[in-house]
Amino acid sequence: MASPAAAFRARRLFSIFSSTTPRAQVPKPAPAAAPALAPEPAAAPAQNAAAGEAEAKPKAGRNRREPLGKILRVISEERDPDKLVSQFIAASTASPRFRDNHRVYEVAVTRLTSFGRQDAVAALLDSQKPFLEASSESFAAQFVRLYGRASMPSHAAAAFLGLPQKHKSVAAFNALLAAYEDSGNFDMLVAAFQKPGLSAALDVIPLMEKCGLTPDGISFNRLLNGFYNNGRFDDAEKVLKMMKERNVEPNTKSYNAKLRGLVAQGRIEDAVAVIEMMQKDGPKPDSVSYNEMIRGYCKEGMLDEAKKVYDDMLKNECAPNKGTFETLVPRFVEAGELDLALHFCHEIFSRKCRVKCLVLQGVVVGLVAASRMDEAARIVKLGWKNNYPPRGLKMPAVTENDKLVQAKTGCIDSVPYEEGSEEEEESMTS
């Protein structure tokens, strides 16, 4: 049971949550919504949530309705922020199937954020509020989380408070914690709830309990990530103590947060000790754990040790992923270890692992510079066969004297990656 002091801090924290007042300007309305998005004019989302739940009338016929995939593509490719919002609102109001596609929400919010249009993000998400009552818990949690994607944590706090009571779940609160972390500065959470002499972020746990929510492993892992990422190891240890008091066992992701913090500070020997402890007593390291060690050794220029960690990863039946190869390959190319870099390229193809095109192009450039043309050409052909774009993966231009002229690839963002493949997300969820 929380002490009186903890209860007081929780009440203070709750009052600050309740007083959160986000500010956003509504974007200018587009001249007209794209007619292809819906066969009938969409009702304004604020009018009636029930109206938004209905599909177009059956008598309209399916042939008159644009396929959902086409609607999603139109929205994801729209470059005018105001038109994007208008099209999104029309499509989401007309189709529950559209609202079930979480990826399109991520894409839309990400694009609007890249345009610097937080006002447009607010307008888009505000339009979804009428659907919350009839929505699933996962939709409500994502609704809160998206504000974090746009670096709008105070809006996320207000969104959580505004959720229907049935959706004020641990998952939604975890989404709120994620929103503060996604904002790029975990200390914003502390700053928002700061009281003199207190580490206010630690009061999140008693706040959850005051709200009738039982913190789970994800809740604690989010706090651990935030503290370790900001070098606040003492606070992270307090979180681990809270977990023990509540019989919540730290899992692999809990220790991955610590590994990440240690590697960021260059404390590689301490990170090794954590891995050894995990191997001996559990929980067992996973691919993310090994990747953190690989990053640590590469950061210190200890490539032989990084290669040993890679071998240990395979030995312990942990599959290397894009994070593994995107860390290792460029380092070995820089070090002139082209045989190893080439070996990793073949591993990438055999494992069907999708890395940034620039990683492969770097190997090709290195091979051409070493006059290993046939091997470079083979990587290019294998890349094309595995759907890497020819405009990003190609043989560099060569002068008559065989002097390399490096071609720009411009391919870092040319290939979309599946949602959920990012290790940052893996590291926090259970």
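In which handedness of crossing does α19 pass α21? The crossing is left-handed, a label used when the near helix is turned anticlockwise from the far one by less than a right angle, with clockwise giving right-handed. Before going further, a note on the ground rules: this is a predicted model, in which local features need pLDDT of at least 70 and side-chain atom pairs count only at pLDDT 80 or more, while totals for chains, interfaces and linings use all residues. Residues are numbered from 1 along each chain as its sequence is written, and side-chain values use heavy atoms, with hydrogens and water left out.

Back to that first pair. Helix α19 covers residues 322-334 and helix α21 covers residues 357-369; helices here are DSSP runs (H or I, at least four residues), strands likewise (E, at least two), numbered from the N terminus. Their axes come within 10 Å and cross at roughly 20°. Axes are lines fitted to C-alpha atoms, for helices over the stretch in contact, and angles between N-to-C directions run from 0 to 180 degrees. The two helices are therefore roughly parallel to each other (under 35 degrees; over 145 is roughly antiparallel, 65 to 115 roughly perpendicular, and the rest oblique). On the α19 side, Phe325, Glu326, Val329 and Val333 meet Val359, Gly362 and Val363 of α21, where contact means heavy atoms within 4.5 Å. Sorted by class, that contact holds five nonpolar residues, one polar and one charged. The classes work like this: Ala, Val, Leu, Ile, Met, Phe, Trp, Tyr, Cys and Pro are nonpolar, Asp, Glu, Lys and Arg are charged, and the others, Gly among them, are polar.

Now look at what α19 does with α17 (residues 287-299). These two pack at about 20° with axes 9 Å apart, so α17 and α19 are roughly parallel to each other. This crossing is left-handed as well. From α17 come Asn291, Ile294, Arg295, Cys298 and Lys299, and from α19 come Gly323, Thr324, Thr327, Leu328 and Arg331. The mix is three nonpolar, four polar and three charged residues.

Just before α17 there's a backbone detail: the peptide bond from glycine 282 to proline 283 is cis, with omega near -5°. Proline 283 sits in the loop between α16 (268-281) and α17.

Next, the pair α13 (residues 217-229) and α14 (residues 233-245), which pack at about 165° with axes 8 Å apart. That angle makes α13 roughly antiparallel to α14. Phe220, Leu223, Leu224, Phe227 and Tyr228 are the α13 residues in this contact, and the α14 partners include Phe233, Ala236, Leu240 and Met243. By class there are 11 nonpolar, no polar and two charged residues.

What does the record add? An unreviewed UniProt entry annotates "repeat: PPR" over residues 216-250, 251-285 and 286-320; such annotations may be inferred rather than shown by experiment, with positions in the numbering used here and feature names shortened. In the model, residues 216-250 are 74% helix and 0% strand, with end C-alpha atoms 10 Å apart. Residues 286-320 are also 74% helix and 0% strand, with their end C-alpha atoms 10 Å apart.

Finally, the rings. The count comes to 12 aromatic pairs, taking rings of Phe, Tyr and Trp (its six-membered ring) with centres within 6.5 Å, and calling planes under 30 degrees apart stacked, over 60 edge-to-face and the rest tilted. One of them is phenylalanine 88 with phenylalanine 98, edge-to-face at 5.0 Å centre to centre and 80° between the planes.
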